[in-house]
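Here's a quick tour of one model, going from a single side chain out to the core and a chain-chain interface. Have the coordinates open while you read.

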Amino acid sequence: MNWTFFHKLGSPKWFYDISGKWLPWLQVSSLVLISVALVWGLAFTPPDYLQGNSYRIIFIHVPASFLAQSVYMMMATAAAVTLIWKIKLADMALKVMAPIGASFCILSLATGAIWGQPTWGTWWVWDARLTSMLILLFLYIGIIALRGAIHTIEAAAKACAILSLVGVVNIPIIKFSVDWWNTLHQGATLTLTEKPSMAPEMLWPLLLAILGFYLFFTMVMVLRLRIEIISRERKTRWVKELVS
Amino acid sequence: MAGEGEMSNVDQQSMRGFSACLALIRRDLILTFRSPGQAINPMAFFLMVATLFPLGIAPDREVLSELAAGVIWIGALLAVLLSLDSLFKSDQDDGALDQLLMSPHPLPLLVLAKVFSHWLTSGFCLTLMAPLLAIMLHLPSDAFSALMITLLLGTPVLSLAGAIGSALTVRVQRGGLLLTLLSLPLYIPVLIFATGAVNAAMQNMPYTGHILWLSVFLVLGVCLAPLAIAGALRVINE
Amino acid sequence: MLNVVQLSCERDDRLLFSNLSFQLGSGEILQIEGRNGAGKTSLLRIIAGFSPSRSGDIFWNDQPLSAVYADFRLNCFFLGHKPGLKLDLTPLENLVWRARLANTIISREALLCALDRVQLAGYEDIPCSHLSAGQLRRVAFAGLIASRARLWILDEPFTAIDIEGVSWLESLFDEHTHHGGMVLVTSHQPLNNCQGKLRKLNVESFAEERIADGRGGGDVEC
């Protein structure tokens, strides 16, 4: 086994083998958790005294927003690993995470807009959180577009890593300025996620849903990562043996 | 550092990093004077934006003075973006970028010099033009000084942050749109605080806080952006 | 002295060469050969420090290149496919900024003298956009003469150069190596007049060796 690919890659083969064992567990647990949380949240929790039933969208909106933000942090971590240790697996993770993060961003924006219609009477409000989320979506799209525009794999990997790190330095600045801008232009508004104290019967299904979404994200990421590994390592012996 | 010790042994001359930066700035300024289109086009664009807004919205004094700060700043922001496309691409096209990367001087320093000369020919010129636009858009005279200060502090940040995108897209054919996509999220904080300052000045409110935040962004940009730009250039030029 | 040990280079999943080793000492010329796409330019760009290699080490004066980049760049002149000149500037202005970037300060007389040696006397104040491709190359060579670099890395320097220019450039190599310099050059053209200082290295042979080895050939081919 002196085929030198292994030394450099942080062993995609090892990851491919071991993730194959995780996959069924991830699939089952995320499915179970999300369905339990949604059925509990949509059918068995009492309606909100202020917002009625429309608040129930938080069981999707909040986990999606959480993920949209934390996926970017994970991407920045993967970017740092790519640049410092030059592990190809980290770059593959960076690549496959970007579209997932962008999808959660879109989901969060869409559910926010749907919630806004009955609550504020309009589909879109320049609320600080929604605006920050929109800018986060631009950051995701930028990374995806940059990856598509550079044809060399190695250059694209490092360019996207640099861009992710630049983005992660900027996220707090952007968040801060948007919050500041929002307080300047608008009075206090009803926010979707910030509640003085959430009743435990609402909190528990929400926590379950968040956990379920994280597991779902891990599952999707592992699936995509396995495909990426196979396609990028297609010329190595183990993939050829695997396929044949 | 090992490199420095080596240098004094091998070559008795000192590193003339500052002189290299000056030579680079001088070169880029001469190039701009010889083919001034690169500098004039963004300024013409800036003027056009200011002309289109009254035509598209309304020539009312009240409406325009309300919008003036935003229009001038968005115009400046887009004009800077327009000029950033060729910042490193022209060097990449004629091979001068290789010479930049082969220089023994620290690349972030050289890159900072390049961004500075870019700012002199774009952001600085736009700042000088801004009073004209402010008059066209009926910006209250109380806000003039705020507009000028924010432009002086803000446009270098636009050049610095945009140069990261410019370096990342240096090999991309027709990368102008991609450059816009990469740079705009970085521009948002500057836009918010700059227009905030001008609007505060219009209402006779203090705007020192805004100015201080813009200065923070400028300091952050000067410290961090050259590192990112240099890293991006090395990576892309592999 | 430049010492390259077991270098291998991969571009987009394609292994261009592997186990490529050579030494380049004072007063030597190494000509890199190989068909188009064999990896000549990639090799030069790895040595110049632009691109990373897949594996292998490069030593400059017995120290790892990554540790002594500043010193290496101070002593290295790189000329790629593009001459690296600004077309709106005059040859003289171009030489000045390039010299400053390379940390050398040279008098106007010395630069004029260098331009004279590349037969461009009288062109010093004409914008480079008025010069032909061969003349642009010559301007870059004037920079080569003016530089104090010991190691010259030249990628296809003979492109667009006339026959007289080729023999002139060869004599320049001869002179440089005579003073202890080193030249690393890719060219399809056979070089002569070099009195035994010239060695040749074919990049292709490091691609075929690997396949003959039977170790990785099957893995890399499509």
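Leaving out residues up to four places away in sequence, V81(A) touches I87(A) and A90(A). This is a predicted model, by the way. V81(A) sits in helix α3 of chain A, which spans residues 58–85. Is V81(A) buried or exposed? Neither, quite: V81(A) is partly exposed, because 18 other C-beta atoms lie within 10 Å, and being buried takes 20 or more. If you're after a longer-range pair, V81(A) and I173(A) are 92 residues apart in sequence, with a C-alpha to C-alpha separation of 23 Å.

Now for the core. The largest nonpolar core has 211 residues, and the members touching the most others are I72(B), A232(B) and I153(C). Its top contributor is helix α10 of chain B (residues 176–202), which puts in 17 residues. Take A232(B) as an example: apart from residues up to four places away in sequence, its contacts are A159(A) and I162(A) from chain A, plus I164(B), A167(B) and L168(B) from chain B.

Next up, chains B and C. Here 32 residues of chain C are in contact with 30 residues of chain B. On the chain C side, the elements giving two or more residues are α2 (69–74), β6 (76–79) and α3 (91–101). Of these, α3(C) gives the most, with six residues. By residue class, the chain C side splits up like this:

| Class, side of chain C touching chain B | Count |
|---|---|
| Nonpolar | 19 residues |
| Polar | five residues |
| Charged | eight residues |

Key: Residues are numbered from 1 along each chain as its sequence is written. Chains are lettered from A and ligands numbered from 1 in the order in which they are written. This is a predicted model: local features need pLDDT of at least 70, side-chain atom pairs count only at pLDDT 80 or more; totals for chains, interfaces and linings use all residues. A nonpolar core is a set of buried Ala, Val, Leu, Ile, Met, Phe, Trp, Tyr and Cys residues joined through C-beta atoms within 7 Å. A residue is buried if 20 or more other C-beta atoms lie within 10 Å of its own, exposed if 12 or fewer, and partly exposed in between; C-beta atoms are placed from the backbone. Helices (H or I, at least four residues) and strands (E, at least two) are DSSP runs, numbered from the N terminus. Two residues are in contact if their C-beta atoms, placed from the backbone, lie within 7 Å. Ala, Val, Leu, Ile, Met, Phe, Trp, Tyr, Cys and Pro count as nonpolar, Asp, Glu, Lys and Arg as charged, and the others, Gly among them, as polar.
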